[in-house]
Structure formats: C-alpha cells, structure tokens
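The following exercises are to be worked with the sequence and the coordinates at hand. Each task is followed by a solution in steps.

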Amino acid sequence: MASKHIIVDPITRIEGHLRIEAVIDENNVITDAFASSTMFRGIETILKGRDPRDAGLLAMRICGVCTGTHYQRSIEAVENAFKVNIPKNARIVRNLIQGALYVHDHVVHFYHLHALDWVDITSALKADPKLAAAEALKWTDTPHGAGEGDLRAIQERVAKFVAQGRLGIFSNAYWGNKNYKLSAEQNLIAVAHYLQALDMQRDMSKMMAIFGGKMPHPQSLVVGGVTCVQDIQNPARITEYKSLLNKARNFIKNAYLVDVLMAGTVYADEALDGTGSGLKNYMSYGDFRLDDTEFYKASTLFPSGVVLNGDLSKLHPLDQTKITEDVSHAWYEGANDKGLHPFDGITNPKYTGLEKKADGYAYLKTKEKYSWIKSPLYDDTRMEVGPLARIAVGLASGDKEITKYAVGFLTKLGKTLGLKTAAPASVIFSTVGRTAARAIETELMADVMMGWVDELAANVASGDVSTWTEFDFDKVSKDAKGYGMAEAPRGGLGHWVVIKDGKIENYQAVVPSTWNAAPRDYKDRKGAYESALIGTKVADPEQPLEILRTVHSFDPCIACAVHIVDTKGKELSSFKVNTSCAV
C-alpha cells in the first residue's frame, strides 16, 4: 500500500495557528513531518524607533498566554543594555510573578490542552465511582477531590452535558480511539481533576495579579525594578499570596503529579521505547535568580547549558553569541545559510504561499519556504527547549534540587511498574517524558516559591523597601545593546535590543516555540516538532491522535513564535495575508 499524506490544520488546544503535515508508510508509521506556522507576528518591526523603556509593554502583547514573561525578558534586555541591576525586593517579586505563571501555565496545559490526548471523557461515563475512588488510592494516600461522592457527582455532571449535546469543542474529538489506554475508572479520576483545575487556574491567576497588578499582562515591572511598593509592604497581600500558593501546591501534589504518574505508568511502553523523543539536543538559558549579583553571573534555580544527543553525563556551557536564526524555509527574506545573530536579525516578510491545488487540496511547499517561524540554531545545531530541556540540563549539571525531584518521580514510576529500581532517566526522552518533566518542574516550583515568599517578607520586615534602581537614561541609552535571556514555561526565551540615541534601532525575540515549532533549516534538518513525530505509529490515520499527543507535549504557543487540515488534506479556510504593519 502506498504512503499517505496527512494534513492536520488547525492544531487545536494550542495558542496560535499551527499546521502539521505528515507522511505515513503502509504500517501507519510516520516517516516524514513538517510543521508550519500560518500566522505572522511582526512585533519586532513595530518596536523600531520607540523608547526602550516602553518595549516591555508592547513586547508582552506578543502573547497573553505566557503572560508577563515577554514583558520581563524585554525589560531585562534593556536593563542588560543599560547595565542596571535591580534591588533584592524587585528580584524576588519578579520570581514570584514568574513562578505563579509557571504553576498556572503547567496545570492549565496538562488538564485543558493536553490531557484529552490521554483521557477519554466518554469512557468515564462507564466507570463505577466506588471502584474509581479505590483506584485513586492506589496512586496516592491523599487523592484530591476523588472520593466516591465527588466522582459520582462529576460523572452525573458530565452525563448531563452529553445527554444535552453540550460537549462543546470536545464533541468532535477522537473518543473511542484504540490508543486511549486508561481504564474507565482512571478516566473518571482525570475528568474530575480536569473540572477542578478550572477553579484552580482562577486562584493561580490571582497569585500573578497580587504583585503584577493584573492578569493577563501584568503592569508592575519597569526598567530598574518593580512598582508594587504598597503590595510588598502589606502583610495581608503576602499572606494572601502564600495562602493561594498552598492551595495550588495541594492540587499539584495530589492531583496533577498523581494523574501524570498514572498516565505515565499506563503508557510506559511508549516512554521506554522513546516515542516522541525527537532531537535529543536540549538547551536551557537558566532562570530565577537566587542572589543579587549581576544577572548572568547570579546563581539560578534552573541552570543554563546544553545537552547533546541525550548524553546526561556532559553539560556544555551556553554562549548566546552562538545563536542564529535561519530563514531558508521560513517566509522571510534572507540568505539560505545558518542565518544571523538576533542583534543583527531582520524580519522582512516574503510569503510564497502553498502549492497549487492539483487534487483539490493545497499542500506546503516543503522544498521551499513553508512557515512563518524562523529556524533558530545554536552553534549550527537544532535544539529543543522547555521543561524537558530544563530537567535534562539540571540532571547533567548535577543540580541537587532538580535531581531530587526528578529522581523522586522516576522512583515512584519504577515502583508502579514493578521495577526494583527507579525508572531509567532515559524515559524522559519521549512524549510521555516531556509531559512528566513539566509536572516534575511544577512541584519543584511550587515548593521553592514558599521560600521566596518568606524571603520577601523577611527582607521588607528588616526595613528594606527599595524596589527600583535609579539610572541616567540620557547617558545609558546613547549607544547600547543588551539581551534578556531566561526561561518561559515553554522554554528558553530571548529578547535582543539595539539602542541608538535613546531609540530602539533593532529588536528580535527568539521564543520557545520558535525553537520547537521551526521548519527545516538550510541543511534540511528537522525542527523539534518535526523530529519528534518521526517513527510514531498512528493507530487510525482518520484520527491522528498520536500526532496531537506529541505536538501538544511541547505546549505550542505560536503567536509567540500556526491550523490542522483534516486527514484527507481538505482545505478548511483561505486567508489573505497582509504583511504591512501600520501604527
């Protein structure tokens, strides 16, 4: 039987517009894949000529999902250019805002964007709530909201939705696909936590707003520090933050981690086989300063570095000068080579469209340009960024905290699999492992944030209420350039700015989904999404659940950096792209 060409457009349950094209052989195994962003951003062009102190307020509009993280990176890029170091209170406040984003984003990602790749909602209707409650106790002694009464109420609630035809956006999902492996009772537990997580995300949003002013798009960060002076001096605000964090920690430990462990055990064969592993080259910029030395010299919660070929025995130091962006297969002007460093980056659109319809369907011009995302390279090598990369770099660096949490999870996984030892670290190099890495990181974040809250309270109580470092703008902005490089929930995020006579001369943002969702490069090497899909077996080409599962494991955020055509390649919509930007 001849190979088949699958087009999935749009990819749903993500931010932005993403199209995946895959070729499968006679055994339904993916042999080739292409990822395309069908959405143009252009923020860099809008920022040119503006006051660099305003860059953060505009740059954060790149995305409202990873809200605030572009804001902070942009401000840090300007601070780096101006050689400004922020006060202790500002450092801790930024950590708490960004930390709240992590726990919010990761929980929302798993339950509301990714869980339905593993969980069959309709199967939960067949579960016995009593047996489901007993099942929950197999995975933890303190299950969250998974008593028999809780589960029965949830089941009845979902049954009413189904009976009334109110499944909404999930009504056309791949329910019943044979690659759903959880039992009916396990599905009911996960569905209960899915609905409970809707309430939890509201509380986690409040955490960001306490010191950020609002959410999305917080407003309390400025070049030189933060503006939330009254909030850090008010014990009630700090107590409120800590109370919400405690509530979040309980859900993370007794629902999120437990559900990921349960799914990881059921899908362990895929983890052990390395399904979805992809590039196995991982990069972390490092993040969350733990002291008040200069930004890129400070100790950080997440270490920076590079892991190559999945070798956790060696960590390579990170050098930002080795980052370039290639546009050989991206809809931008530029030479077909390894590209430019972001300080010299150019964002000039060159849209060349799709193939002409020969059989009624339009396909990507995969030999030419086929995406609005550039192809970043580190030292002329394709990289994956994100929670898996941070865990891999942490393990390779011997970081005690990351190792403790990762080994703790792998030990639990080994026990549930009946192993005499912890599951091998190599299982994280998979779609299952990428999902587990995010949960491991969330528990770590929630725990260390408790210490940061206390650190902030103690510092203010000592009499230090400083939140801003003064600087002479006219002097420092005459001729400067800087970069803000740290971690967003989805991975390494960098903003580079060149300033001349007090105005932005050039600006480039290389975001996590630029690294992961990128198309081929000048050597025809695949990006992280594309590489991770190779070798994946699709149970039913008419229901490419496995493609969604692997792509969702990266948590795509395409406005920061795309749309799935149906499995027959039918064009769903046509759009005229106007690449001019008027302000």
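**Exercise 1. A sheet and its order**

In which order do the 3 strands 12, 13 and 14 form an open sheet, and is the pairing parallel or antiparallel?

Solution. The model is a predicted one. Step one: the order of the open sheet is 12-13-14, and its pairing is antiparallel. Step two: the edges are taken by strand 12, residues 479–488, and strand 14, residues 503–510, each of which pairs on one side only. Step three: from one strand to the next, the twist averages 10°.

**Exercise 2. Connections and bridges within this sheet**

Determine how strand 13 is joined to strand 12 and to strand 14, and identify bridge partners.

Solution. Step one: strand 12 leads into strand 13 by a hairpin through 2 residues. These antiparallel strands are joined by 10 bridges, and Asp479 has Lys500 in strand 13 as its bridge partner. Step two: strand 13 covers residues 491–500 and runs antiparallel to strand 14, with 7 bridges between them. Trp496 has Gln508 of strand 14 as its bridge partner, while His495 is matched with Ala509. Step three: the hairpin of strand 13 and strand 14 has 2 residues between the strands, and Asp501 in this hairpin adopts a positive phi near 50°.

**Exercise 3. Burial of the edge strands**

How many residues of strand 12 are buried, and how many of strand 14?

Solution. Step one: a residue is taken as buried when its relative accessible area is under 20%. Step two: in strand 12, 8 of the 10 residues are buried, and the strand is mostly covered. Step three: in strand 14, 6 of the 8 residues are buried, so the rest of the structure largely encloses this strand.

**Exercise 4. A sheet with the order 1-2-3**

Describe the pairing, edges and twist of the open sheet of strands 1, 2 and 3.

Solution. Step one: this open sheet has 3 strands in the order 1-2-3, paired antiparallel. Step two: strand 1 (4–8) and strand 3 (30–37) are the edge strands; each has a single partner strand, so one side of each has no neighbour in the sheet. Step three: the twist averages 15° from one strand to the next. Step four: strand 2, residues 18–24, is antiparallel to strand 3 and is joined to it by 7 bridges. Within this pair, Glu21 lies opposite Phe34 of strand 3.

**Exercise 5. A residue in strand 11**

Is Tyr378 buried or exposed?

Solution. Step one: Tyr378 belongs to strand 11, which comprises residues 375–378. Step two: the relative accessible area of Tyr378 is 5%, so the residue is buried. Step three: Ile323 is 55 residues away from Tyr378 along the chain, yet their C-alpha atoms are separated by 4.6 Å.

**Exercise 6. The chain as a whole**

Why can the chain be called as compact as a globular protein of its length?

Solution. Step one: the chain contains 18 helices and 14 strands. Step two: its radius of gyration is 23 Å, close to the 25 Å that the globule rule gives for 583 residues, so the chain is as compact as a globular protein of that length. Step three: the C-alpha trace spans about 70 × 60 × 50 Å along its principal axes. Step four: 60% of the 583 residues are buried. The accessible surface amounts to about 22100 Å², with 51% belonging to carbon and sulfur atoms. Step five: the chain carries 67 positive and 70 negative charges, whose mean positions are 1 Å apart.

Conventions. Residues numbered from 1 in each chain as written. Predicted model: local features only at pLDDT ≥ 70, side-chain atom pairs only at ≥ 80, totals over all residues. Heavy atoms only, no water. Pairing = 2+ DSSP bridges. Helix = DSSP H or I, 4+ residues; strand = E, 2+ residues; numbered from the N terminus. Axes fitted to C-alpha atoms, helices over the stretch in contact; angles between N-to-C directions. Rg over C-alpha atoms; globule rule 2.2 N^0.38 Å. Buried < 20%, exposed > 50% of the residue type's maximum accessible area, 1.4 Å probe, protein only. Areas by Shrake-Rupley, 256 points an atom, 1.4 Å probe, with all protein chains shown as cover. Lys, Arg positive; Asp, Glu negative; His and termini not counted. Charge placed at Lys NZ, Arg CZ, Asp CG, Glu CD.
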